[in-house]
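Me: I should like to learn how to read the features of a structural model, beginning with a single residue and ending with the whole chain. Could we proceed step by step?

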Amino acid sequence: VHGAEIGRALVNFRGAVLLVVLSRYHGGAYVVFSTALNGEMEAVALKGSFASVIGGSAAASVVFNSSINRRVEQDPAILEVREKLKSSTGRRRMALEARLSETLAAVRTRLSLETAEQFDRVHSVERAAKVGSLKTVIEPSLLRPYIINFLSGRLGLD
């Protein structure tokens, strides 16, 4: 509901709009803050920030969950413990089951983090600028002069 209201406000607003991505913008923000909604809107991002429809950690949990599950099951550490379990009994079996549980969690965490990092590297603000979602990517040290320049130009002070 709020995203639709923001989108409507951007479409109906008459005047300059500057969106600065300081850290991350994902999901609805990635779609709503589009120059297609308002021709006077300018969207820029600080170098090192992120932009995508979904963040890397959410993508790893939802979009790539099946792939991560397959990779977990193929991991050598998991295969090794599962192989030892086949011929174990008693206390040794219980110890191996506990080790398997811990190893599954550790491998899943590692693969999820790797997947999230890879996703965020691909879905960068530089990519968003290339496809036209952002005008440009600027160094943090240039933010203040950029805003002053933007406002001066829009207010006819240049």
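**Reading a predicted model**

Me: Where is Arg24 found?

Reply: The model is a predicted one. Arg24 is found in strand E2, which covers residues 24-26.

Me: Is Arg24 buried, partly exposed or exposed?

Reply: The general idea is to read relative accessible area against two cut-offs: under 20% is buried, over 50% is exposed, and partly exposed lies in between. Arg24 has a relative accessible area of 41%, and it is therefore partly exposed.

Me: Which residues are in contact with Arg24, leaving aside its neighbours within four places in sequence?

Reply: With those neighbours left aside, Arg24 is in contact with Phe50 and Asp120. A separation can also be read between C-alpha atoms: those of Arg24 and Ala129 are 14 Å apart, while the two residues stand 105 residues apart along the chain.

Me: Let us turn to a loop residue. Where does Asp75 lie, and is Asp75 buried or exposed?

Reply: Asp75 belongs to the loop between helix H4 (65-74) and helix H5 (76-86). Its relative accessibility is 12%, and because buried means under 20%, Asp75 counts as buried.

Me: What do the side chain of Asp75 and its surroundings show?

Reply: The side chains of Asp75 and Arg110 are joined by a polar contact of 2.8 Å. Not counting residues up to four places away in sequence, Asp75 touches Val107 as well as Arg110. Asp75 also caps the N-terminal end of H5, with a side-chain oxygen 3.0 Å from the backbone nitrogen of Ala77.

Me: How should the faces of a helix be read, and which residues of H5 are buried?

Reply: An α-helix has 3.6 residues a turn, so residues three or four places apart point the same way. In H5, the buried residues are Ile78, Val81 and Leu85. Viewed down the axis of H5, the buried residues fall within an arc of 70°, so they line one face of the helix. On the other side of H5, Pro76 and Lys86 are exposed.

Me: Against what do the buried residues of H5 pack?

Reply: They pack against H4 and against helix H6 (90-122).

Me: How is a sheet read, and in what order do the strands form the sheet here?

Reply: One reads the strand order, the direction of pairing and the edges. Here 3 strands form an open sheet in the order E1-E3-E5, with parallel pairing. Its edge strands are E1 (17-21) and E5 (136-138), each of which pairs on one side only. From one strand to the next, the twist averages 30°.

Me: How many bridges join E1 to E3?

Reply: E1 and E3 (residues 41-46) run parallel and are joined by 5 bridges. Within this part of the model, Leu18 stands opposite Glu42 in E3.

Me: Finally, how does one read the chain as a whole, and how many helices and strands has the protein chain?

Reply: One begins with the elements and then considers the overall extent. The protein chain has 8 helices and 5 strands, running α-β-β-α-β-β-α-α-α-α-α-β-α from the N terminus on. Its radius of gyration is 24 Å, well over the 15 Å that the globule rule gives for 158 residues, so the protein chain is more spread out than a compact globule. The C-alpha atoms fill a box of roughly 80 × 35 × 20 Å along the principal axes.

Me: What share of the residues counts as buried?

Reply: Of the 158 residues, 32% count as buried. As for contacts with a separation of 6 or more, residues 24 or more positions apart account for 73% of them.

Terms used: Residues are numbered from 1 along each chain as its sequence is written. Side-chain values use heavy atoms; hydrogens and water are left out. Helices (H or I, at least four residues) and strands (E, at least two) are DSSP runs, numbered from the N terminus. Buried means under 20% relative accessible area, exposed over 50%, partly exposed in between (1.4 Å probe, protein chains only). Contact means heavy atoms within 4.5 Å. A polar contact is a pair of N or O atoms within 3.5 Å; within protein, one must be able to donate a hydrogen and the other to accept it, and residues adjacent in sequence count only if both atoms are side-chain atoms. The arc is that of the directions from the helix axis to the C-beta atoms. Two strands pair if DSSP finds at least two bridges between them. Axes are lines fitted to C-alpha atoms, for helices over the stretch in contact, and angles run from 0 to 180 degrees between N-to-C directions. The radius of gyration is taken over C-alpha atoms; the globule rule is 2.2 Å times the number of residues to the power 0.38.
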